[in-house]
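Biologist: Please take me slowly through the second largest pocket, and then set beside it the other places where this protein encloses space or a ligand. Which element gives the most to the lining of that pocket?

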Amino acid sequence: MKKITIIGTGYVGLVGGAGISDFGHQVTCADIDENKINLLNNGKIPIYEPGLHELVEKNMEAGRLAFTTDLKKAVEVSEVIFIAVGTPISDNGEAELKYVKSAAITIGENMKSYKVICTKSTVPVGTGYWITDLIRSSSKNNIPFDYVSNPEFLREGSAVKDFIWPDRVVIGASTKKSFEILKEVYEPLYRNKRSIMHTSIVTSEMIKYAANAFLALKISYINEVANLCEIVGADVYEVSKAMGQDGRISPKFLHPGPGFGGSCFPKDTEAFASLFRKNGLKLRTIEAAIETNVHQKLRMVEKLKKLVGDTLKNKTIAVLGLSFKPNTDDVRESSSIILIENILSGGGNVQAYDPIANNAMMDFFPNINYFEKWEDACEGADCAVIMTEWNEFRAISLKILKLKLRTPIVLDTRNIINVKKLKEDNFQFDNIGNVGLHENEN
Ligand code: NAD
């Protein structure tokens, strides 16, 4: 059993902390956000993530998981310290490292014995050297430590499962001792024969960006293919299904939609491209993927306008789904934000509904109307736009939808509504890439 501290109790820190305590270790999750820590100490979970509540509760009850704002003590008590603070995008496109800097200095100032200091936050390639220097220069008594990079690959919405059952764990460690200690932290994963890779620190940092950028590239690629499908009359669902059956391609991340969002892909692609520029190179593929994504989000606005008569002025639009993907309350960089902004600037009104993310979106749009049921959000609206593929929208009753809407118009940006039924119920509709174009012919 190891004593472990996680600095930063957000999506990664909280899921990671709960997961590592479930492996049998003694974990302290520390954060500067008092509200968040108070909530957690009162048995409440500040984010929505399936299975997280149960995991936190179980390990708190077992006495293996604790939450604190006392960072000094949290650093002192543990042998392994994870940094899991945010690295949002800064004005120049690079990753903002001020939270990482502050965490590193806190660690350096407060460590009194040997530590393994391990970064889970996504940081630009080479940041490990900088963090190591920060810790060393802020440590008064030259306390020995090893620095490790251990990027996190969990996906919001399935974060608990991803953490406990990862495809791989990457450990960028420059000493055998620190690698062995991290191996002990992840011991149950070894037993479950998960792939654990030992790399250099810089390679580990590179793996995270290269993986995320590639996934973003796949999404932008299929979105562009979908756009051409719409012009030439092909069905992108059939195209991507056939493409995905090629083992070299794989069917994952080949679903066209309203553009990628979330707290990772947008900022990680920008930061990766910026890193190439800094090194005298150009990451043309990813720069194109970023540009495509900006266009894809605006394309949803154009599709909507076309459906409702070329203007959004005085139109009421039901926006169904606010989070950037289902099973999360995270709305950061969600395509819904661009859509809502454009509806409002075009003189329209928004009636919004999300099963989980209404509150989160209120920070961005405090003055639009939010509803507790999709049926209420659609009442009297000129069009319903599906923005997130929540399961409840897959099963939406078109009969009720038609009764609620002022005009039976649907924009399905996630391709989850059965086109045949939309046609049968005489909806005017659009989706991404002509999905279901041939439904009536089969
Ligand atoms: P988040 O914004 O949800 O949480 C960050 C937390 O760090 C916040 O609670 C904040 O209060 C805290 N914090 C900031 N400065 C601090 C300090 N000095 N000391 C203590 N706490 C501090 O962020 P997140 O989504 O969990 O992401 C964390 C990192 O993990 C980022 O680098 C992100 O790119 C990476 N990542 C995120 C995901 C994801 O799906 N969210 C997946 C993989 C990797």
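Modeller: Helix H13 gives the most to the lining of the second largest pocket, contributing five residues (helices are DSSP runs of H or I with at least four residues, strands runs of E with at least two, both numbered from the N terminus). The model is predicted, so local features need pLDDT of at least 70 and side-chain atom pairs pLDDT 80 or more, while totals for chains, interfaces and linings use all residues. Residues are numbered from 1 along each chain as its sequence is written, and side-chain values use heavy atoms, leaving out hydrogens and water.

H13 spans 284–308, and together with helix H12, which covers 265–278, it belongs to the elements that each supply at least two residues of this lining. The pocket is lined by 13 residues, and those nearest its centre are Pro266, Asn293, Val294, Lys297 and Glu333. Sorted by class, the lining holds seven nonpolar, two polar and four charged residues, and the space in this pocket comes to about 230 Å³. (On a 1 Å grid, a pocket is an open set of points with protein on both sides within 12 Å along at least five of seven lines, a cavity one where a 1.4 Å probe fits but cannot get out, and lining residues have an atom within 4 Å of a point.)

Turning to closed space, the count is one cavity of 30 Å³ or more, and the largest cavity has a volume of about 60 Å³. Its lining includes Thr119, Ser121, Val123, Tyr147, Pro151 and Lys208. Strand S6 (145–149) and helix H10 (201–232) are the elements that give two or more residues to this lining, with H10 giving the most, three residues. Here the classes are three nonpolar, five polar and two charged.

The ligand has its own surroundings, a shell of 28 residues, of which Asp31, Lys36, Thr87, Glu156 and Lys267 come nearest (a residue is near if one of its heavy atoms lies within 4 Å). Helices H1 (11–22) and H5 (98–110) each supply at least two residues of that shell, and H5 provides the largest share, three residues. The shell has eleven nonpolar, nine polar and eight charged residues. At the atomic level, an N or O atom in the side chain of lysine 36 is 2.6 Å from an oxygen atom of the ligand, and one in the side chain of serine 102 is 3.0 Å from a ligand nitrogen atom.

Note on methods: Points joined across faces, edges and corners; volume = space filled by probe spheres on them. Nonpolar A, V, L, I, M, F, W, Y, C, P; charged D, E, K, R; others polar. Polar contact = N/O pair within 3.5 Å; in protein donor to acceptor, adjacent residues only side chain to side chain.
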